[in-house]
Amino acid sequence: MAMAMVRSGLLRTALRGGSRAPAPPKRNFSSSAHHDDAYETEKWEKITYAGIATCTILAIYNLSKGHPHYEEPPPYPYLHIRNKEFPWGPDGLFEAKHHHH
């Protein structure tokens, strides 16, 4: 019985054309079809360093320029209308506390 199974297995292998499985087809990606991977890596490393240098120079230039200073607006009384007391006291929650003694 065992010999019959071995013979049928060998027969199937011989009919299939050998004991090796066919090699899977090689996939060609568009990024590595005609270029070396080391070349691509070096190219993007150089682009990255150039971008870092450019952004640093632009940031230094923009931060070194002056910016306009405007006068403080007058304290308009209608901006702080209080019709009822807040639960935390007479001043706003994020305003400076004015304590009158």
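This report describes the fold, the salt bridge and the surface patches of a predicted model.

## Overall architecture

The chain has 101 residues, of which 4% count as buried. Its secondary structure consists of 2 helices and 0 strands. Helix H1 covers residues 2-16, and a loop lies between H1 and H2. Helix H2 covers residues 37-64.

The area exposed by the chain is about 10,600 Å², and carbon and sulfur atoms supply 63% of that area.

## The salt bridge in helix H2

The model contains 1 salt bridge. Its partners are Glu-40 and Lys-43, whose closest N and O atoms are 3.4 Å apart. This distance satisfies the criterion, because a salt bridge requires a side-chain nitrogen of Lys or Arg within 4 Å of a carboxyl oxygen of Asp or Glu.

Both residues belong to helix H2, where they are 3 residues apart, or about one turn of the helix. Glu-40 has a relative accessible area of 17% and is therefore classed as buried, the limit for that class being under 20%. Lys-43, with a relative accessible area of 30%, is partly exposed.

## The negative surface patch

Asp-36, Asp-37, Glu-42 and Glu-45 form a negative surface patch. One of these residues, Asp-36, is located in the loop between helix H1 and H2. Asp-36 has a relative accessible area of 51% and is therefore exposed, since the exposed class begins over 50%.

Residues that take part in a salt bridge are left out of patches. Glu-40 forms a salt bridge with Lys-43, so Glu-40 cannot be counted in a patch under this rule.

## The nonpolar surface patch

A second patch is nonpolar in character and is made by Tyr-76, Tyr-78, Leu-79 and Ile-81, with an area of about 460 Å². Among these residues, Ile-81 is found in the segment after H2. Ile-81 has a relative accessibility of 56% and so counts as exposed.

## Summary

The predicted model combines 2 helices and 0 strands with 1 salt bridge, formed between Glu-40 and Lys-43. Its surface carries a negative patch that includes Asp-36 and a nonpolar patch that includes Ile-81.

Key: Residues numbered from 1 in each chain as written. Predicted model: local features only at pLDDT ≥ 70, side-chain atom pairs only at ≥ 80, totals over all residues. Heavy atoms only, no water. Helix = DSSP H or I, 4+ residues; strand = E, 2+ residues; numbered from the N terminus. Buried < 20%, exposed > 50% of the residue type's maximum accessible area, 1.4 Å probe, protein only. Patch = residues over 30% accessible without salt bridge, like charges linked within 9 Å, V, L, I, M, F, W, Y side chains within 5 Å. Areas by Shrake-Rupley, 256 points an atom, 1.4 Å probe, with all protein chains shown as cover. Lys, Arg positive; Asp, Glu negative; His and termini not counted. Charge placed at Lys NZ, Arg CZ, Asp CG, Glu CD.
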